[in-house]
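Reader: I should like to go through the terms applied to this structure and to ask what supports each of them. Please set each value against its definition.

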Amino acid sequence: MGFYVFLLLPLVGALLSLLFYRVESVKKSVAFIIFIAIFYFNIKLIGQVGYTYKIPFEIWGIRPGFSVTYLGLFFSLMISGITVLTVLFSLRYMVNKENSRMYYFWLFLKTFGMLGVVLSGDFLMFFIMWEMMSWSTFFLMAQSGGKAYESSYRYLVYAVVSAMMLMFGIMLMYSYAGSFEYDIIHKSLASINKGMLVLISILLITSFSIEAAVYPVHKWLPKAYSNTFTTLTSYLAGISTRMGVYGIIFYMFNILGMPLLDKMHIIGAINFRYIFALFAAFTMVIPTFTALLQNDGKELMTWHGIGQGGYMLVGIASGTSLGIAGGMFHVLNHMTYITLILFSLAAVEYRTGTTNLNKLGGLIKKQPVAFLGVLLGIIGLAGIPPMNGFVSKWFIYKALISSRYPFLATAAFVGTLGTILSVYKFIHNIFLGQLPERYNDVREVPFDMQIPIWILMLAVFGLGVYPGLAVSFIAKVQDSLGIAPVNYTLHGVMQTVGNLNMGIVSIVFMASMFIGFIVYLLGNRRKHVSQYDNYAAGNFLDSSVPYNYNYHFYAGFEHIIKPAYDYEPVQRTENSIIRFTTEIADYFRRLYTGNINTYGMYILIGLLITILILL
Amino acid sequence: MVNPILLIIVPIAAAFFIPIISKAAKSLAKYIAFFVGLFNLIAAIYIFMHTINTPISVIIAGYKPPVGINLYVGPLAAVLSIVITFIGFLSMIYSFKYINDDSSPLFYSMFLLLLTGAIGMVLTADIFNLFVFFEILCISSYALVAYDRNRDGLEASMKYLIQGSIGSVLILFGIALIYFSIGTLNMADIALKYQNANKNLITIAIILMITGFGIEAAIFPLNSWLPDAHSSAPSSISAVLSGFVIEVALIIIMKIIFLIFSATYFLTFFAIVGVITLLMGELSAFKQENIKRVLAYSSIGQIGLILFAFSINTPQGISGGIFQIINHAVSKSLLFLSAGYVIHKTGSKNVSDYKGIAKSMPFLGIVFIIGALSLIGIPPFIGFFSKFNIILAAISKHSVLYIVLTALVLLGTIFEASYFFKIAKIMYTGKKRKEGYAKVPFAVLFPLGLLAIIIVISFIYTNGILNYTNKAGADLINKIAFIHAVLG
């Protein structure tokens with residue numbers, strides 16, 4: 001009973017928000033109530049693992065359906081949870097936004113598609129839902145108009161490529177298994193030849209990688225996400241991109257299974273998994289340093305969204321129980337801290353109207369809650385204790401080192417360095433330094449917009465101190481996938497070598513901060529002055545002298561790494577593919593000359609060729 | 001039950017009477033055409049319900065086959081006549097708003113002749129009669145393409161006429177060869193006797209007929225008339241020409257191959273030609289500025305896909321092909337009709353002039369996107385199920401050639417999606433236009449709305465549609481039943 005309601009709710013919501021698309025208040029209350037109901041029914045599903053449901057009509061004599069698994073539940077809980085917070089934040093944020101009439105409609109459809117993907121019971125349903133999801137993502141992103149059309153169109157082309165690969169892969173599997181059912185396909189894959197297995201795996205993994213924005217098929221993401229509404233940026237970066245990660249986990253461990261996955265090896269340790277991990281390693285490093293060069297807060301964070309995806313995938317591709325747990329845990333953690341950061345950024349944008357890092361500054365006293373949100377968020381993002389990002393990254397580092405992948409581990413550390421540098425730029429340019437005159441009247445956002453920020457702060461901190469809360473569920477997921485579950489405790493993991501106890505780590509951290517605070521109290525008397533009541537280099541500083549260095553924050557560092565980014569191989573490849581296609585298209589178009597003599601000749605040639613071949 | 005001959009006689013009679021009657025009252029032409037179209041649709045549905053399980057043969061004027069002309073109405077003909085009458089009827093309603101000048105009686109007369117020709121082609125079981133209906137179809141469409149009497153239309157119509165005539169000559173020559181070597185014109189009779197005739201002569205005859213019909217069916221490289229003709233015709237005519245005329249010609253080719261001659265050795269060649277046609281169409285559409293040319297090239301692409309589907313030569317593939325015909329008829333006519341309204345409103349066929357048009361006319365924007373999504377094959381719209389079926393059938397052949405061809409078909413889909421959404425993107429960018437865009441007249445609203453609803457909700461009924469297309473596909477390849485039904 002609960003399952004039908006759960007599935008129908010997003011559709012009912014979509015219908016209602018379509019019917020009342022002119023009435024803002026109805027739309028808002030419908031969205032809020034229904035998304036909370038979805039979350040409620042989703043929690044109730046935890047007791048129903050193993051439940052399957054077939055839709056009441058047939059497609060080709062097949063009744064595609066849904067099934068509730070631990071993996072699906074893990075992702076669906078994240079989806080419905082973060083959607084509630086997004087809607088809660090949007091209720092006020094989206095008021096008086098232009099072109100936002102269909103906002104909740106597409107949000108409902110998008111949620112429906114994502115929930116359908118993770119709870120699908122066979123590949124037919126999976127594909128249908130996957131398409132629903134990617135098309136509603138397109139419309140969701142495109143609705144804000146202007147530049148968003150251009151960038152979401154680019155997403156669309158990538159998404160269609162991904163969909164066609166997925167379709168091709170599913171069809172190939174179907175042609176061997178004769179069924180779309182996961183179990184039957186899983187069994188039949190064991191007996192097909194290696195070449196076909198590699199082909200299918202490449203098709204599916206590439207398809208999911210496009211959605212997960214793995215280097216080098218990531219170029220669609222930054223502009224597409226940053227040109228849309230900021231609430232959507234957080235929603236999309238938090239969970240939408242991770243559907244690709246879900247697909248990869250699902251295909252690798254549920255459809256293929258570890259034995260088959262490791263059957264696809266070339267020589268020694270160079271197997272399919274490792275090659276994939278290399279791509280993931282590039283994803284960790286290159287986009288993270290690209291983030292450093294960005295001057296827009298949203299864009300900076302979307303680049304991190306790509307980079308952090310690399311960590312998840314490296315963990316998953318390591319194939320160890322700790323690494324996989326780390327990868328999945330990082331999905332959850334990344335979702336919490338990236339939405340926290342972007343909600344706080346949206347709060348800043350709500351008051352100041354911009355996310356440009358060169359124009360903001362000194363907002364710490366004006367918007368302390370947003371500052372706290374960003375602070376906790378970036379500590380999580382950079383993977384510094386005691387926030388949750390540290391725990392999952394620790395899992396991944398540990399897994400990489402203990403399964404002897406030195407290059408991957410190095411890449412992970414280098415990526416973290418880039419992360420720390422760029423998030424410092426992020427927080428400095430928004431909250432520290434000089435407050436521009438025009439922001440003197442900026443206030444904190446209303447309390448209802450603060451609620452999601454507080455909740456997420458709690459999650460980022462709580463999951464850092466008590467990772468066991470989430471890891472216990474991940475262990476169940478691992479168990480259901482046939483992987484040895486990670487040996488978790490409330491505060492971390494127990495291992496033969498090197499335990500992790502976040503309780504102790506947090507206490508040490510808190511204690512040292514407390515000591516620092518004591519030292520601060522013991523110091524000399526402090527006098528708080530206005531930012532203009534000051535001097536530097538022999539000059540008085542008034543509002544006409546900008547003395548903070550937001551602009552070109554890392555000038556020296558940029559000077560070092562910029563040349564490496566000037567060449568842009570990925571962008572060049574994409575451009576040349578586009579140019580090539582356009583040229584070919586133009587060439588073919590010109591075959592239709594408009595001259596009847598040529599056309600007569602074509603008919604003659606066609607006739608002759610047919611006779612030559614067939615007679 | 002209704003005699004299927006009425007599907008042919010009523011429109012052809014009306015077509016002759018309309019010019020005479022409208023001498024008295026000009027506005028009568030519309031109403032006659034409307035009632036004839038409605039009658040045909042109802043009759044087609046009625047006939048469909050009776051013949052979907054039991055094919056029938058209708059003897060005309062008391063002469064029994066193989067001497068006399070007869071009609072063969074099986075599931076295939078039943079399905080196609082519904083498609084033809086339905087799309088024809090909706091396009092006719094759409095025309096009421098726009099075709100109102102002095103020569104409008106001639107327009108409706110020609111329109112009914114076109115319907116007659118198309119229905120006649122799918123119903124008849126006599127190969128010369130087929131040629132006659134083909135000529136009716138062609139000549140009325142030459143006239144209709146030039147209906148706007150502007151430069152483009154006349155030029156396109158002229159080119160279409162020249163190439164179409166070459167096709168007709170080839171077909172006629174092929175029929176002559178068949179009559180010469182077999183001595184009969186009845187399809188079932190030919191199917192029974194052709195094995196005793198000279199093999200090479202028969203192959204030449206098949207090739208000539210296929211090339212002839214291939215020109216009308218727009219198979220590469222015989223399709224150069226199509227972009228001009230489909231883009232300069234009035235939009236309601238483009239919808240009809242793309243919606244079923246080229247498909248009917250394709251079905252005739254398939255009848256020749258499967259039903260009459262069992263010439264399945266053509267099919268591997270056809271599969272390759274189909275994919276080339278598809279890629280040609282989709283690529284040519286990619287860099288087009290004129291919206292109707294885009295849609296016309298997309299029709300070429302779709303016809304390539306349908307040809308590919310039939311060439312897979314498995315029941316599933318053929319059924320998928322027929323399903324795709326239904327999808328293409330519905331989606332492409334929706335696209336042409338909505339594009340027609342946009343052209344009417346903006347006065348330009350150029351896509352770059354459509355900035356913000358979807359904001360001023362949200363209904364148009366939505367139906368255009370629905371049509372495009374269905375044509376690309378996005379779930380849950382009807383096009384997904386047909387395309388999925390075709391791909392499934394192709395891959396199930398387990399042959400490297402078909403796997404490669406499938407990959408190319410999917411590549412074509414990527415191009416298709418990119419150019420359709422390039423148009424959609426332009427339609428949604430830019431500022432809202434103020435003046436007089438809000439109200440869409442009923443003659444436009446009704447056909448567009450109905451087609452869009454069909455596309456959206458038919459996923460509930462895919463099993464039913466598939467059931468019919470399976471039957472129609474079986475009808476296309478079941479030679480014994482065909483001979484039995486016609487010759488008794």
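Reader: What makes residues of chain B and chain A count as being in contact, and how many are there?

Author: Two residues are in contact if their C-beta atoms, placed from the backbone, lie within 7 Å. By that criterion 46 residues of chain B are in contact with 43 residues of chain A. This is a predicted model, in which local features need pLDDT of at least 70 and side-chain atom pairs count only at pLDDT 80 or more, while totals for chains, interfaces and linings use all residues. Residues are numbered from 1 along each chain as its sequence is written, and chains are lettered from A and ligands numbered from 1 in the order in which they are written.

Reader: Which helix of chain B gives the most to the side that touches chain A, and how do the residues of that side divide by class?

Author: Helices here are DSSP runs (H or I, at least four residues), numbered from the N terminus. H17(B) gives the most, with ten residues. The whole side of chain B that touches chain A divides into 28 nonpolar, 15 polar and three charged residues. In this scheme Ala, Val, Leu, Ile, Met, Phe, Trp, Tyr, Cys and Pro are nonpolar, Asp, Glu, Lys and Arg are charged, and the others, Gly among them, are polar.

Reader: Why is H15(A) said to be largely enclosed?

Author: A residue is buried if 20 or more other C-beta atoms lie within 10 Å of its own, exposed if 12 or fewer, and partly exposed in between, with C-beta atoms placed from the backbone. Of the 32 residues of H15(A), 28 are buried, so the rest of the structure largely encloses this helix.

Reader: How do you know that the span of H15(A) agrees with expectation?

Author: The expected span is 1.5 Å times one less than the number of residues. For the 32 residues of H15(A), residues 321–352, this gives 46 Å, and the end C-alpha atoms are 46 Å apart, which agrees. Just after H15(A), Gly353(A) takes a positive phi of about 80°.

Reader: Why are H3(A) and H15(A) called roughly parallel?

Author: Their axes are 11 Å apart and make an angle of about 5°. Axes are lines fitted to C-alpha atoms, for helices over the stretch in contact, and angles run from 0 to 180 degrees between N-to-C directions. Angles under 35 degrees count as roughly parallel, and H3(A) is therefore roughly parallel to H15(A). The contact has twelve nonpolar, one polar and no charged residues; among them are Phe74(A) and Met78(A) in H3(A), and Met328(A) and Leu332(A) in H15(A).

Reader: What makes Ile316(A) buried or exposed?

Author: Ile316(A), in helix H14 of chain A, has 28 other C-beta atoms within 10 Å and is therefore buried. Its contacts include Ile248(A), Ile249(A) and Gly323(A).

Reader: How are Ile33(A) and Arg404(A) classed by the C-beta count?

Author: Ile33(A), in helix H2 of chain A, has 14 C-beta neighbours inside 10 Å and so counts as partly exposed. Arg404(A) has 9 such neighbours and so counts as exposed.

Reader: What is notable in the phi of Arg404(A)?

Author: Most residues other than glycine have a negative phi. Arg404(A) has a positive phi of about 60° although it is not a glycine, and this residue is in the loop between helix H17 and helix H18 of chain A.

Notes. Helices (H or I, at least four residues) and strands (E, at least two) are DSSP runs, numbered from the N terminus. Angles under 35 degrees count as roughly parallel, over 145 as roughly antiparallel, 65 to 115 as roughly perpendicular and the rest as oblique. Lists of a residue's contacts leave out its neighbours within four places in sequence.
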